[in-house]
Amino acid sequence: MPSSPDDAAPAPFTADDYRARMDRAAASAADAGLAGVLVAPGPDLVYLTGYQPTAITERLTVLVIAPGRDPVLVVPTLEAPDAEKAAGAAALTLRDWTDGKDPYAVTAPLLDASGRFGVSDNAWAMHLLGLQQALPATSYVSLTEALPMLRAVKDAHELARIAAAGAAADRAYGEILKVRFAGRRETEVAADLARLLIEFGHSQVDFTVVGSGPNGANPHHEAGERTIERGDMVVLDFGGLKHGYGSDTTRTVHVGEPTDEERRVHDLVREAQQAGFEAVRPGIACQDVDRAAREVITDAGYGAHFIHRTGHGIGVTTHEPPYMIEGEERPVVPGMCFSIEPGVYLPGRFGVRIEDIVTMTEDGTGHRFNATPHEMAIVE
């Protein structure tokens, strides 16, 4: 495959980058009335420190961030050498514990004994219960509930990574249009998509939805053994991580010539996607992006067939806050990255979805990270 500028690895994040993120997390915790945040292995820990344990086990690993204190990463002794190599290690203190010792006794002195803490969503229950037993006056709330915007606003280096991931997904789409669809199973086309994402620089493939014919009416259909036929509408939704940041795009293609109704529904979804994009401007709430896209589909009589939110945030994971959905009143601000992906799903017949990843720029305009055509592509 020919190379392109988005194949170049970006400059790595530095200890100063991670220090700034942890400082923001501490300040956000204070603003939310929390005594601090407790971060288990997973996306939040990678985002805040650059550390990702090679194996997530029953041994306690937790980052403790508290306003006015230096952050501390508690790790098992046998994993301390790897933690010391993390890019953000210089911005925190490491405290290790050995097998046979009580890790909660090591962690408890770092916490306000009667404080309320935000906890990363993927923390193990056994670890949270262990802390509660050691500090019975403490209380806890999930980070998604307490600090949903912790990772929502991306800096220039993060935006560059998302742009590279989007460009790679676009290249994968350009190549998939060249393969044969008719007479092949959905799983075969999905495997082609996964291979192309890897070839264009993704380190991780999170999903390759290939929903042909009636299967396209299921928004999260997993590619199956159905043989794709001429006359099928095919929903292609795929993405993963490149340089640690996500891609996610959807296009709906047709095997051979579509019917007038299929073209009409596809054009409707394309119009709705454009309406959602044009709604991105300063002061708008996340729910208003959903409203703009949904209004187009509802006015055309297909509102009951648009059965999911219009979008979700993206960053170090392919789904994260903010969500473009009714009731989400947080404003869209520069640096937020999110999908706009309206769809129409007609049970037993076909589905259509069109999705781009979008951000609002500093000048208050929307910018797409996906540049492939929205028009229906005809495949063989």
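User: How much space lies in the second largest cavity?

Analyst: The model is a predicted one, and in it the second largest cavity holds about 80 Å³ of space. A cavity is a set of points where a 1.4 Å probe fits but cannot get out.

User: How many cavities of 30 Å³ or more are there?

Analyst: The count comes to two cavities of 30 Å³ or more. The largest has a volume of about 100 Å³.

User: What makes a residue part of the lining of the second largest cavity, and which residues are they?

Analyst: A lining residue has an atom within 4 Å of a point of the cavity. For the second largest cavity, these residues are A40, P41, P53, A55, I56, T57, R59, T61, E79, W124 and H127. By class they divide into six nonpolar, three polar and two charged. R59 and E79 are in this lining, and they count as charged because Arg and Glu belong to that class.

User: How do you know what classes of residue line the largest cavity?

Analyst: Its lining is made of L38, V39, A40, L60, T61, V62, V119, A123, W124, H127, L128 and L131. Sorted by class, there are 10 nonpolar residues, two polar ones and no charged ones. T61 and H127 are in this lining, and they count as polar because Thr and His are on neither the nonpolar nor the charged list.

User: Which elements supply at least two residues of the lining of the largest cavity?

Analyst: They are β1 (36–39) and α5 (125–134). The largest share, three residues, comes from α5.

User: What is the order of the strands in the open sheet, and which are its edge strands?

Analyst: The open sheet has six strands in the order β4-β3-β2-β1-β5-β6, with mixed pairing. Its edge strands are β4 (93–97) and β6 (139–142), each of which pairs on one side only. On average, neighbouring strands of this sheet are turned by 25° against each other, with direction ignored.

User: What makes β3 and β4 a pair, and in what sense do they pair?

Analyst: Two strands count as a pair if at least two bridges are found between them. Strand β3 (residues 72–76) and β4 have five bridges and pair in the parallel sense, so the requirement is met. One example is V75, whose bridge partner in β4 is D96. In general, strands of a sheet pair through backbone hydrogen bonds, either parallel or antiparallel.

User: Which strands does helix α1 lie across?

Analyst: Helix α1 (residues 15–31) lies across β1 and β2 (62–65), and it runs at about 60° to β2.

User: What is the volume of the largest pocket, and what makes it a pocket, not a cavity?

Analyst: The largest pocket has a volume of about 400 Å³. A pocket is an open set of points, whereas from a cavity the probe cannot get out. The largest pocket is lined by 22 residues, and V46, Q52, L241, G244 and V316 are the closest to its centre. The elements giving two or more residues to this lining are α1, α2 (43–49) and β7 (204–212). Of the elements, α2 gives the most, with three residues. By class, the lining has 10 nonpolar, nine polar and three charged residues.

User: How much space lies in the second largest pocket, and which residues are the closest to its centre?

Analyst: About 300 Å³ of space lies in the second largest pocket. It is lined by 16 residues, and P219, H220, D237, H319 and E341 are the closest to its centre. Two or more residues of the lining come from each of β7 and β11 (311–313). The classes are five nonpolar, five polar and six charged.

User: Why is G224 called buried?

Analyst: Buried means under 20% relative accessible area. G224 has 18% relative accessibility, so G224 counts as buried. G224 is placed in the loop between β7 and β8 (233–242). Leaving out residues up to four places away in sequence, G224 touches R185, E186 and T187. The C-alpha atoms of G224 and E186 are separated by 5.5 Å, although the two residues are 38 residues apart along the chain.

User: Why is H243 called partly exposed?

Analyst: Partly exposed lies between the limits of 20% and 50%. The relative accessible area of H243 is 24%, so H243 falls in that range. H243 is found in the loop between β8 and β9 (245–246). Its phi is near 55°, a positive value in a residue other than glycine.

User: What is omega of the peptide bond from P321 to P322?

Analyst: Omega is near 5°, and this peptide bond is cis. P322 lies in strand β12 (residues 320–324).

Conventions: Residues are numbered from 1 along each chain as its sequence is written. This is a predicted model: local features need pLDDT of at least 70, side-chain atom pairs count only at pLDDT 80 or more; totals for chains, interfaces and linings use all residues. Side-chain values use heavy atoms; hydrogens and water are left out. On a 1 Å grid over the protein atoms alone, a cavity is a set of points where a 1.4 Å probe fits but cannot get out, and a pocket is an open set with protein on both sides within 12 Å along at least five of seven lines; lining residues have an atom within 4 Å of a point. Grid points are joined across faces, edges and corners, and a volume is the space filled by probe spheres set on the points. Helices (H or I, at least four residues) and strands (E, at least two) are DSSP runs, numbered from the N terminus. Axes are lines fitted to C-alpha atoms, for helices over the stretch in contact, and angles run from 0 to 180 degrees between N-to-C directions. Contact means heavy atoms within 4.5 Å. Buried means under 20% relative accessible area, exposed over 50%, partly exposed in between (1.4 Å probe, protein chains only).
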